[in-house]
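This report concerns aromatic contacts and charges placed over rings. The structure is shown first, and the description follows.

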Amino acid sequence: MTDQNKVDRRSFLRTGIAAGGTLVIGLHLPIGVNAKGWPDEAEPADTLEPNAFIRISKDGKLTVRIGQAEMGQGVLTSLAMIVADELEIDWPNVSYETVGADPAFNNPLFGFQGTGGSTSVRGFYTPLRKAAASTREILVAAAAAEWGVDAGGCKAASGKVTHSASGRSAGYGELFEAAAKLTPPAEPKLKDPKDFKLIGKAAKRLDTPMKSDGTAEFGIDVRLPGMLVAQVLRCPVFGGKPGKIDDGAAKAVAGVHAIVPLDYGVGIVADSFWAARRGRQALKVEWDEGANAGVSTEAIYKEFSEAAARETGKEARKEGDVAAAKPTAAKSLEADYFTPYLAHATMEPMNCTADVRADGCDIYVGTQFQGFTQMAAAGMTGLAPDKVKVHNKMLGGGFGRRAALDFVTDAVMLSKAVKKPVKVIWTREDDTQHDLYRPATFHKLSAGLDAAGKPLYWQHKLVNPSIMASFFPDAPSEGVDDSSVEGAANIAYEIPNISVDWVRKEAGVPIGFWRSVGNSHTAFVVESFLDELAHEAGRDPLEFRLSLLEKDKKKAAILRLAAEKAGWGKPAGEGIFRGIAICESFASTVAEVAEVSVSKSGAVKVHRVVCAVDCGQVVNPDTVAAQMEGGIVYGLTAVLYGQIDVEGGKVRQTNFNNYKMLRMNEMPKVEVHIVPSNEAPGGVGEPGTPPIAAAVTNAVFAATGKRIRRLPINPSDLAS
Amino acid sequence: MAKLTVNNKEYEVSSDPSTPLLWVLRDELGLTGTKYGCGIAQCGSCTVHMDGKPVRSCITFLRSASGKKITTIEGLAGDQPHPLQKAWVEKDVPQCGYCQSGQIMAAAALLEKGKKPSDAEIDSAMSGIVCRCGTYNRIREAIKLAAMGGEGGE
Ligand code: FES
Ligand code: FES
């Protein structure tokens with residue numbers, strides 16, 4: 001990852017008038033940018049548009065061009081707010097336009113175009129403000145020059161520049177031809193946060209109306225002239241291949257056009273989804289199941305726990321001397337924790353539409369990684385990347401799943417084979433059984449208290465595979481994969497002797513990024529085991545945490561806020577108990593208090609979750625609240641239900657009947673409290689998820705005295 | 001050819017009578033507002049109204065929909081957005097938005113009964129509709145807002 005400030009310093013701005021009479025300002029990020037894409041001012045201006053963030057029309061309306069993917073996190077609105085505020089254009093005059101694959105829109109924190117890791121606002125906050133402020137400054141300068149007055153006496157507001165001394169005023173639309181002749185300053189003066197009009201105040205999302213009347217276009221909704229619809233029957237065993245294919249009956253199904261063998265499965269290309277399904281049912285394939293035919297989660301779990309006992313692993317954190325401290329502890333505690341594989345289960349199943357032609361290729365898809373999509377399609381078709389046009393559609397959920405390319409591969413290969421546009425749609429069963437799963441993880445922990453009840457040492461060994469290595473096979477895989485140990489290696493608690501080690505174990509189950517990645521399991525483990533330690537020390541879980549965060553005032557304040565708003569220390573109501581947990585992830589910190597009751601049969605009900613978040617400068621507080629609510633539901637679903645089992649190399653779960661989702665009647669009240677801050681923005685899409693598991697299981701412990709060390713919660717373990 | 005009435009418009013459709021209504025709407029009529037989520041009546045993304053009642057179009061076959069009055073999300077609004085659609089905007093309910101057609105159609109059927117639904121009634125009408133993004137609390141608030149608006153003569 002690239003240091004954000006470094007990127008900012010090296011970025012620069014270009015400007016010009018585009019065809020159609022719009023002022024276009026582009027922020028040129030240095031990483032991976034093809035300089036050829038940037039014409040000189042003398043070249044025809046309409047070629048400037050694909051690389052620009054800002055477009056102001058003659059009537060003063062602003063269009064913010066966005067290369068980040070909208071998957072529910074509100075990025076279209078947040079990024080547009082940042083630009084509009086700094087550019088002094090009123091919200092009703094703001095709209096957005098999404099762009100496909102274009103290196104000018106590379107994510108400054110990634111160095112490529114991608115949406116993930118809760119980076120959109122973090123990465124684009126300063127670059128977009130600079131792009132907007134710089135535009136504002138040339139508009140002001142143009143007005144000042146026109147009026148022969150000092151620019152310092154002019155002010156931009158509500159899409160106008162005004163010179164108060166002379167009472168002159170001009171709309172941006174009247175100024176931009178003169179403005180375009182000016183060189184935008186590379187280091188414009190940004191607004192003082194106290195003057196923000198939009199940033200930090202709740203704005204209505206720009207995409208709500210279209211998501212309330214059925215007009216939002218998701219990838220699955222794409223329709224092209226002459227388009228066929230396909231399904232792919234994949235080998236049920238990961239990594240298996242088709243052997244003998246008997247497609248006679250399938251081809252005879254009305255509406256089926258072609259049966260296309262692929263390396264990993266068989267495509268059924270038809271008139272419609274339903275015809276493809278019937279063709280699929282008639283298709284007979286013998287599979288070459290390959291090396292993973294024996295893979296089972298049971299064996300994986302056993303191997304993980306044995307590896308934890310057998311292997312030392314790689315050092316992820318070392319402070320003091322755990323081995324020396326151990327024998328001096330007054331009390332010691334040991335525990336093993338375990339979390340299962342999880343599917344993403346985006347509401348919109350995977351899909352992609354490709355139109356591969358001799359002269360080019362169009363991809364219509366909801367993807368988190370437009371650039372990689374373009375490169376992959378170029379590789380498969382033999383076309384130059386600039387001949388591959390990616391049209392990014394709304395994503396019906398991403399959560400990391402839409403960072404992958406398997407669904408793109410399907411569509412490109414099938415379109416290439418049948419020489420027609422093809423929309424491939426995964427069934428829910430395909431989606432559940434061929435995900436890139438959140439890895440299963442095993443954790444071995446021990447900790448000790450001194451005679452005064454203070455933690456003396458903390459030892460945490462994690463066993464899990466490397467997601468980075470599986471996603472980026474060419475990247476160096478020496479050392480420790482941060483995504484495997486994040487949330488564990490960076491614990492903030494002040495304990496004199498700490499060791500965190502990572503045993504990498506690959507297991508034959510495909511894996512990927514799942515909302516909050518490593519923190520999705522480490523926060524559960526760390527915050528549960530810390531609770532065990534508090535209990536062992538006979539201390540209140542909140543007070544115990546605070547005593548270990550004396551130097552980390554920020555985290556202590558967040559914990560206190562959540563606890564205070566939840567009424568920590570006061571009765572929670574008949575049969576209701578509280579648990580607390582905190583996690584820093586993606587440059588934000590979130591503490592959550594869960595209020596839980598456990599029935600006689602062991603059923604866990606979560607009544608209320610109080611969440612305190614410090615995510616630095618907030619752009620849209622309502623979006624922060626929504627992301628916390630959503631992140632909590634995502635994590636809660638995993639705590640209560642999430643589990644993917646593999647047997648004989650095949651996933652056992654198929655659909656929502658056996659891979660269950662949290663529903664309306666199980667939804668707790670959620671309260672979100674945001675810590676006011678003008679520090680650099682942190683992420684919000686993911687940080688709401690990590691703390692909820694331990695907040696709930698710590699509350700379950702408070703209610704029952706039973707410690708949950710394996711997810712999901714098994715109610716029969718809690719039956720009284 | 002089967003006859004199908006969708007959003008007060010008559011269609012002659014050529015899909016096989018055993019095709020689920022969902023895919024007739026989406027693939028043949030191009031009404032893509034109704035979504036596919038599971039295909040087995042588990043998620044409610046595909047909810048439409050058949051003679052005013054909410055049904056899951058993924059398990060409602062063309063042959064049984066033919067001759068009935070079908071309303072989809074595209075046909076919910078009159079000249080003005082439906083009160084629920086206004087409430088959805090007011091509460092900024094959607095995140096990814098994929099489930100929301102189903103949510104709104106289920107909620108619209110609930111409000112058709114013409115009363116202010118209790119929390120329990122909302123739970124029973126809405127728990128069949130999964131929202132992976134977790135917008136449930138806002139859905140609940142928006143339904144209540146729309147129900148109040150209805151009473152206020154909106
Ligand atoms: S698609 Fe019909 S209930 Fe899920
Ligand atoms: S808004 Fe994304 S599934 Fe409901």
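## A buried edge-to-face pair

Phe524(A) has a relative accessibility of 0% and is therefore buried (under 20% relative accessible area, with exposed over 50% and partly exposed in between; 1.4 Å probe, protein chains only). Tyr337(A) is likewise buried, at 1%.

The two residues, Tyr337(A) and Phe524(A), form an edge-to-face aromatic pair, with 5.6 Å between centres and 80° between planes. Rings of Phe, Tyr and Trp (its six-membered ring) pair when their centres lie within 6.5 Å; planes under 30 degrees apart are stacked, over 60 edge-to-face, and the rest tilted. Because Tyr337(A) belongs to strand S15 and Phe524(A) to helix H14 (residues 519-537), the pair links parts 187 residues apart in sequence. Helices (H or I, at least four residues) and strands (E, at least two) are DSSP runs numbered from the N terminus.

## Basis of the model

The model is predicted: local features require pLDDT of at least 70 and side-chain atom pairs pLDDT 80 or more, whereas totals for chains, interfaces and linings use all residues. Residues are numbered from 1 along each chain as its sequence is written, chains are lettered from A and ligands numbered from 1 in the order written, and side-chain values use heavy atoms, without hydrogens and water.

## Further aromatic contacts

Over all chains, 19 aromatic pairs are found. In one of them, the ring centres of Tyr301(A) and Phe338(A) are 4.2 Å apart and the planes lie at 70°, so this pair is edge-to-face.
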